[in-house]
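Visitor: I am new to this structure and should like a close look at a single part of it. Please take me through the nonpolar interior, and then add what surrounds that topic.

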Amino acid sequence: MMGAAGQSGVLIVGGGHAGVQIAASLREAGYADRITLVNGEPHRPYDRPSLSKEALDDASAAQDFSLRGEDFFASRGIDMVQARVARLDRDSKSVVAQDGREWRYEHLVLATGGRPRRLPVPGAELAGVAELRSLDDARALRVALEAATNIVIIGGGFIGLEVAAAAAARQRHVTVIEGSDRLMKRVVTPHVSEIVADYHRSCGVELHFDDRVTEIRGRGGVVGAVLTAEGEELAADLVVLGVGMVANDELAAAAGLPTDHGILVDQQMRTRDRAIFAIGDCAAVEDESGRVHRLESIQSATDQARHVATTILGNTDPYSATPWFWSNQGALKVQIVGVGNPGDRTVVRREGNRLSVFCLRHGRLVAIESVNDPGTHMVGRRILERGEVLDEHTLADGDYDLRQVAKRAVRVGGRS
Ligand SMILES: Cc1cc2nc3c(=O)[nH]c(=O)nc-3n(C[C@H](O)[C@H](O)[C@H](O)COP(=O)(O)OP(=O)(O)OC[C@H]3O[C@@H](n4cnc5c(N)ncnc54)[C@H](O)[C@@H]3O)c2cc1C
């Protein structure tokens, strides 16, 4: 057990995917000094993506979503402490918890994740308005879904849609209100938005686009209806907020570290203080051109963690990894690899409910979005990771075996 100031080594704040992975990777790589993981939640670290998927199933009450076994941390000499860090003092290289405990560090890793974005409308604090980030949120939401009749989900992004699928599976009346003109607009092409919208409609989910919530109206102290800018009044006994995440960067900001919707880090995931790193959802990475981007995915949380473990052990390479993401929405499995942008050319392969969209920039594959098409996705991903120029017609031909493309493609390393 920890507690006294004066102990050093690596101190990790946050016991999510990023925090747990860096502790594990440091030990795997032979780091022999003290590792302390300060975990702000009253649970053993758990799998967050499951919260909008398996954890909403009826059978989930008995399920264990722990990331690692009970003795994982102790058996590796990782001190796991349950506490919320309240203050960071860079001069003395120490952090102080809300309960007054204090730890010193040689290297500090901030892996504080994020929290759900709140909706700035009247009624957002009413009972019956739910958010989903923690295991406790998921447990409460599962019970609420069971009891509700009319469910309004605000936000047509991944989390909102996963919850919509869980609610529709219970035969509830489900409405999704999305402010833009299509689902998941920030991260997928219109092709994927369309097939996903068709699926949710086929499950009975009502989708409202280009509208925004102006008020959540209470009845007898609990939520009763949702009012929108378009003049709709939708009956609701459960409202689920799926309007994005805010990075937990206040600890860093209060200690004088620059932030920009996340803790600003360089390409080694280092903050302006060389002894302090930030990884996962709380980290905003600044690239060579000064562009800042923050990814919210398991892949980036764990890959950044693995990378920083090697950096602490002396590696000087910048972090680099191809991003990927998945989302399960009822019978739909959405997979995304790479980063597309609106100027990319798209080539679509579609067969019934199976779809893959290839995003090309200067002939080179930069992203693939697939729906229920894991085979094509995996082959495409191998092609993407090798950075090759591709023939669009071949890609578009659904009868053509993409594995042949992978074999024939011409390598053009370094082209952008
Ligand atoms: C419902 C849901 C579904 C998702 N589904 C997917 C998916 O399908 N695929 C995918 O790739 N990604 C998914 N994500 C995103 C993914 O879970 C996150 O990108 C990932 O969990 C980020 O890990 P992290 O360790 O950076 O942060 P987190 O997992 O948020 O962990 C941060 C931890 O730090 C703790 N903390 C914060 N401040 C302090 C403090 N001051 N002191 C101590 N502890 C502190 C927090 O309590 C938390 O436990 C989903 C997210 C949610 C919420």
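Guide: What follows is an account of the nonpolar cores, with shorter notes on a cavity and a hairpin. Please bear in mind that the model is predicted.

The largest nonpolar core has 50 residues. Within this core, the residues with the most contacts are Ile22, Leu88, Leu108, Leu110, Ile279 and Ile312. Helix H1, which spans residues 17-28, supplies the largest share of the core, namely six residues.

Ile312 may serve as a point from which to look around. Apart from its neighbours within four places in sequence, Ile312 is in contact with Val10, Ile22, Leu26, Tyr31, His107, Val109 and Phe277. A second core, separate from the one just described, comprises 44 residues, among them Leu135, Val163, Val188 and Val334.

Leu88, named above for its contacts in the largest core, also directs attention to strand S4, which covers residues 85-89. Strand S4 runs antiparallel to strand S5 (residues 94-97), and four bridges join the two. In one pairing, Val85 has Ala97 of S5 as its bridge partner. Four residues lie between the strands of this hairpin, where Lys93 takes a positive phi near 50°.

There remains the matter of empty space. A search of the whole structure finds one cavity of 30 Å³ or more, and the largest cavity has a volume of about 40 Å³. Its lining consists of Gly15, Gly16, Asn39, Glu41, His43, Pro45, Tyr46 and Arg48. By class, two of the lining residues are nonpolar, four are polar and two are charged.

Conventions. Residues are numbered from 1 along each chain as its sequence is written. This is a predicted model: local features need pLDDT of at least 70, side-chain atom pairs count only at pLDDT 80 or more; totals for chains, interfaces and linings use all residues. Side-chain values use heavy atoms; hydrogens and water are left out. A nonpolar core is a set of buried Ala, Val, Leu, Ile, Met, Phe, Trp, Tyr and Cys residues joined through side-chain atoms within 4.5 Å. Buried means under 20% relative accessible area, exposed over 50%, partly exposed in between (1.4 Å probe, protein chains only). Contact means heavy atoms within 4.5 Å. On a 1 Å grid over the protein atoms alone, a cavity is a set of points where a 1.4 Å probe fits but cannot get out, and a pocket is an open set with protein on both sides within 12 Å along at least five of seven lines; lining residues have an atom within 4 Å of a point. Grid points are joined across faces, edges and corners, and a volume is the space filled by probe spheres set on the points. Ala, Val, Leu, Ile, Met, Phe, Trp, Tyr, Cys and Pro count as nonpolar, Asp, Glu, Lys and Arg as charged, and the others, Gly among them, as polar. Two strands pair if DSSP finds at least two bridges between them.
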